[in-house]
Every structure is written in structure tokens, then in C-alpha cells.
Amino acid sequence: MGTAPAGRKGRRIGIRDVAARAGVGISTVSRVLAGRTDVSPDLRERVVAAAAELGYQPDILAQSLRRGATRSVGFIADDLSNHLIADIATGAESVLRAHGYSLLVMNSELDPALDHANIGVLRARRVDALMMCPVEEAHAPTVAALAALEIPLCIVEGDQPPEVKASYVHSDHRGGVRAAVEHLVRLGHRRIVLLAGPDRYRSARQRALGIADVATARPDLQLERHAIELTMEDGERTASRLLAGPERPTAIVVGGTRLLVGVLRAIA
């Protein structure tokens, strides 16, 4: 089955129409459209030409029901305004598209309840696999929903309890913070503050380890870490307080896009 071309008042064009136009049997059209090789070049050319003339498009839903696979992958973002997560989704979509898959993206807007709801929506749509950046690693309804999945699962930028069977993709937040602080030290800074999220986020825990690595190696430095909520308001409030103090830092390392906006406001 397929969709109708423009000008046919919505009538669905199916493989019977293609077969009639090409002058071949329905089974021949099915084999050609399925990419089978047991069709002569002449018949294949006739079927392809007829499908193009009629504007035939395959019915993806019908094909999915027959195959038991939708050739679609779900992606649940914790916050699509985060450029890192948006770039990951863009890269995944590009690769999947090249392999004949579509990517269904949903945004949880930093609300763990939406994580759970979005998992339900994508399960109902029968995605073949799921990629996810969880808002909260220990959110019980989300953990239960993930543990019940029977499709491949990839967790991006987060951890899950052992009952969740998943592959993981993580950025090197520890190495990144360590490199940033060491760079600032080479520039002459000795009072450096790290602003990162609370410990319930893997990225924040890893960034804390990064600055601790430098503190262990360089006890002569004044290094501080502040675990605050990942909001513009907390970033601005904390940075303003630090910059107004008697021992103001000479450099601030920021872990989080929203925090960065607040810190820049305070600096301005």
C-alpha cells in the first residue's frame, strides 16, 4: 500500500495500481519494492518507472506491522536547550537516517516526571531502540520503566541502577575540568572556583573529581567547588556572592549551559 500523489483527491495508490501500470503481477511489484534480486532488469525497470509515474510511496506503518519493526529510534533529551544534548541528537539522527531509520525526539524539560511519560509514549510507538539522557538517575518510576524495556537502550550522560540493562555514552567531564583548571593555573591563576550541579548528576560528580585531582597535586592552590542547582538564577546568585567577597576568585570554571548564562550576567 502507499500514499496517493497530488491531484488524485486523496485516493491511496497501492501496489495493484503500480502492477497495472507496469503490466506485471502484484508479486513482481512486491519483490521489486522489497529489493529482491530475483526479478529481471527489464521488469524491475518497468515497476520502478510505473511507481514514479504514479507517485507511489510505501506505507511505512503497514510495512512496520508486517515486519514487527518500525525502523525508528526514540531519543529522550533531558533539556534540548543544552547545546551538547542537541548536538548529540543531531549526530544520532544523521547516522540513523543514513541507515534507513528515523529518530523520534522528545524533550523532558528537566522534569523527571516527563522522562517517565516520554518512555511510555515511545513504547506505544514501538520504537526499535531508545536513547536517553535521564533527568534524574534515581527517579523510581523512570528506573522501573527502563528496567521493563525489551529493546536496546543507550543512556547518554547519566548512570542507572544495575537492574536497567543499557549501554552508556559519557563525556569525560573529569578530564575536561582537570584540563580547564590546569590551563588557568598556567595562566597564573591561584584562586579558582568550580560551579557545577548537585551530586545527583553524574556530570557534577565527575567534575568534582576533576578539580579534586588538581587539588591533590597542587595543595598550594585555592580551589573551591560549589554544588548548586543547574539554573541561571543559581549561577548568577552564586557568582555575584563570590565576586563580592573579600577573597574573590580570579577564575571561575562553569559546568552547565544555564549556569554559564547566570555567571555571565553576574560578571557583566
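**Exercises on the parallel strands**

In this predicted model, three strands form an open sheet with parallel pairing, in the order E9-E8-E10.

**Exercise 1.** Determine which strands stand at the edges of this sheet, and why one side of each is left without a neighbour.

*Solution.* Begin with the order, which reads E9-E8-E10. Strand E9 (222–227) and strand E10 (251–254) each have a single partner strand, so they stand at the edges and one side of each lacks a neighbour in the sheet. As for the twist, neighbouring strands of this sheet are turned by 20 degrees against each other on average, direction ignored.

**Exercise 2.** Describe how strand E8 is joined to E9, and state which helix lies across E8 and E9.

*Solution.* First, count the bridges: strand E8 (residues 191–196) runs parallel to E9 and is joined to it by six bridges. Next, locate a facing pair: Leu223 in E9 stands opposite Ile192. Finally, turn to the helix: H9 (residues 202–217) lies across both strands and runs at about 170 degrees to E9.

**Exercise 3.** Trace the pairing of strand E6 with E5 and with E7, then decide whether the residues on its two faces are buried or exposed.

*Solution.* On the E5 side, strand E5 (residues 129–132) pairs with E6 in the parallel sense over three bridges, and Leu130 has Leu153 in E6 as its bridge partner. E5, helix H7 (residues 140–147) and E6 together make a right-handed β-α-β unit. Towards strand E7 (residues 167–169), E6 again runs parallel, with three bridges; here Cys154 has Ser167 as its bridge partner. Lastly, examine the faces of E6 (residues 153–156): Leu153 and Ile155 on one side are buried, as are Cys154 and Val156 on the other, so that both faces are covered.

Technical notes: Residues numbered from 1 in each chain as written. Predicted model: local features only at pLDDT ≥ 70, side-chain atom pairs only at ≥ 80, totals over all residues. Heavy atoms only, no water. Pairing = 2+ DSSP bridges. Helix = DSSP H or I, 4+ residues; strand = E, 2+ residues; numbered from the N terminus. Axes fitted to C-alpha atoms, helices over the stretch in contact; angles between N-to-C directions. Contact = heavy atoms within 4.5 Å. Buried < 20%, exposed > 50% of the residue type's maximum accessible area, 1.4 Å probe, protein only. Right-handed = clockwise from strand over helix to strand, strands pointing away.
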